[in-house]
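Trainee: I'd like to take a close look at one part of this protein, and then see how that part fits with the rest. Could you walk me through it?

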Amino acid sequence: MFKLPNLPYDYDALGKYISKDIMYLHHSKHHQSYVDKLNAAVTGVSDIQGKSLEGLISDLDAIPANIQTAVRNHGGGHYNHSLFWQWMSPDGGGEPSGDLALVIINKYGSFQAFVDEFSAKSLAVFGSGWVWLQPDMQIISTANQDTPIMQGLEAPLLGLDVWEHAYYLDYKNKRDDYIAAWWNVVNWDFVASRLTK
Ligand code: MN
């Protein structure tokens, strides 16, 4: 059975940037629902028992057709959110350093140019989805709870949830304000740890 991971900080830890109300709803309700519905889908399906979450969602063709959509949506939701909590920190924000800073600047010219492009792509997602920084420094987006490893791509270094549930309580329809605030909590140490893997 899959389990909801604990947040690595308190619900109110991200302060004015992402409120306690949003964090509580997003983690304890939305993420919990992905976990519950994933478990409901895979329970009793013998030929996929023992597979890891990554194993399930990176090979959707191997999932029985009647639960493939559920595993895609809820497995993707569980995977994406389990990472998303770690991509934020009350000690986050600022700029990356070391090798991560070098590869970003090598690709985009400056850290700010990277932020601008990632933000523009996040604003441009129509409807619900995610925006990702990949290990090859490409910025890509996916719809719904799709995730790069479903598409045969590498696991993302960084990702931003642009579903309305991620920001509506605090920011209403102003996704651009949410994106601007989110940079203040990005956990660059965690992003850098994924680059070196
Ligand atoms: Mn979400």
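Trainee: Is Lys-172 buried, partly exposed or exposed, and what is its relative accessibility?

Mentor: Lys-172 counts as partly exposed, because its relative accessibility is 40-something, 44% to be exact. The cut-offs matter here: buried means under 20%, exposed means over 50%, and partly exposed is what lies in between. Keep in mind that we're looking at a predicted model. Lys-172 sits in the loop between helix 6 (168-171) and helix 7 (175-182). Look at its backbone too: phi is positive there, about 50°, although Lys-172 is not a glycine. That catches the eye because most residues other than glycine have a negative phi.

Asn-144 makes a nice partner for Lys-172. Asn-144 also isn't a glycine, and its phi is positive at about 55°. You'll find Asn-144 in the loop between strand 2 (139-143) and strand 3. With 40% relative accessibility, Asn-144 counts as partly exposed.

Now let's step back and place those loops in the whole chain. The protein has 8 helices and 3 strands. Going along the sequence, the order reads α-α-α-α-α-β-β-β-α-α-α. For 197 residues, a compact globule would have a radius of gyration near 16 Å, and the protein's 17 Å agrees with that. If you drew a box around the C-alpha atoms along the principal axes, it would be roughly 50 × 35 × 30 Å. Inside that outline, buried residues make up 48% of the 197. Take the contacts between residues at least 6 apart in sequence: 64% of those join residues at least 24 apart.

What about the outside? About 9600 Å² of the protein is exposed, and carbon and sulfur atoms supply 49% of that area. As for charge, there are 14 positive and 22 negative ones, and their mean positions lie 5 Å apart.

Next, find the manganese ion. Its protein donors are His-26 (NE2), His-81 (NE2), Asp-161 (OD) and His-165 (NE2), at 1.9 to 2.1 Å from the ion. Written as a sequence pattern, the spacing of these donor residues is H-x54-H-x79-D-x3-H. Two of them show how distant parts of the chain are linked: His-26 is in helix 1 (residues 20-42), Asp-161 is in strand 3 (residues 158-161), and 135 residues separate the pair. Both His-26 and Asp-161 are buried.

While you're in helix 1, check out Tyr-24, which is found there as well. Tyr-24 has 40% relative accessibility, so it counts as partly exposed. Setting aside neighbours within four places in sequence, Tyr-24 is in contact with Tyr-11 and Lys-29. You can also trace a line from Tyr-24 to Leu-83: they are 59 residues apart along the chain, with 16 Å between their C-alpha atoms.

Helix 3 (residues 65-84) brings us to another histidine, His-74. This one is buried, as its relative accessible area is 17%, and the cut-off for buried is under 20%. Not counting residues up to four places away in sequence, His-74 touches Tyr-34, Lys-37 and Leu-38.

Move on to helix 5, where Glu-117 lies. Glu-117 is partly exposed, with a relative accessible area of 33%. Leaving out residues up to four places away in sequence, Glu-117 touches Tyr-108 and Ile-139. The C-alpha atoms of Glu-117 and Ile-139 are 8.1 Å apart, while in sequence the two are 22 residues apart.

Just past that helix comes Phe-126, in the loop between helix 5 (111-124) and strand 1 (129-133). Phe-126 is exposed, with a relative accessible area of 83%. Between the C-alpha atoms of Phe-126 and Val-71 there are 23 Å, and along the chain the two are 55 residues apart.

To come back to your starting point: Lys-172 is partly exposed, and its phi is positive at about 50°. Try turning the model until you can see the loop between helix 6 and helix 7 that holds Lys-172, then look for the manganese donors His-26, His-81, Asp-161 and His-165.

Conventions:
Residues are numbered from 1 along each chain as its sequence is written. This is a predicted model: local features need pLDDT of at least 70, side-chain atom pairs count only at pLDDT 80 or more; totals for chains, interfaces and linings use all residues. Side-chain values use heavy atoms; hydrogens and water are left out. Helices (H or I, at least four residues) and strands (E, at least two) are DSSP runs, numbered from the N terminus. The radius of gyration is taken over C-alpha atoms; the globule rule is 2.2 Å times the number of residues to the power 0.38. Buried means under 20% relative accessible area, exposed over 50%, partly exposed in between (1.4 Å probe, protein chains only). Contact means heavy atoms within 4.5 Å. Accessible areas come from the Shrake-Rupley method with a 1.4 Å probe; for residues, only the protein chains shown count as cover. Lys and Arg count as positive and Asp and Glu as negative; His and the chain ends are not counted. The place of a charge is taken as NZ of Lys, CZ of Arg, CG of Asp or CD of Glu. Donors are N, O and S atoms within 2.8 Å of the metal (3.2 Å for Na, K and Ca); water is not among the atoms, so sites may look incomplete.
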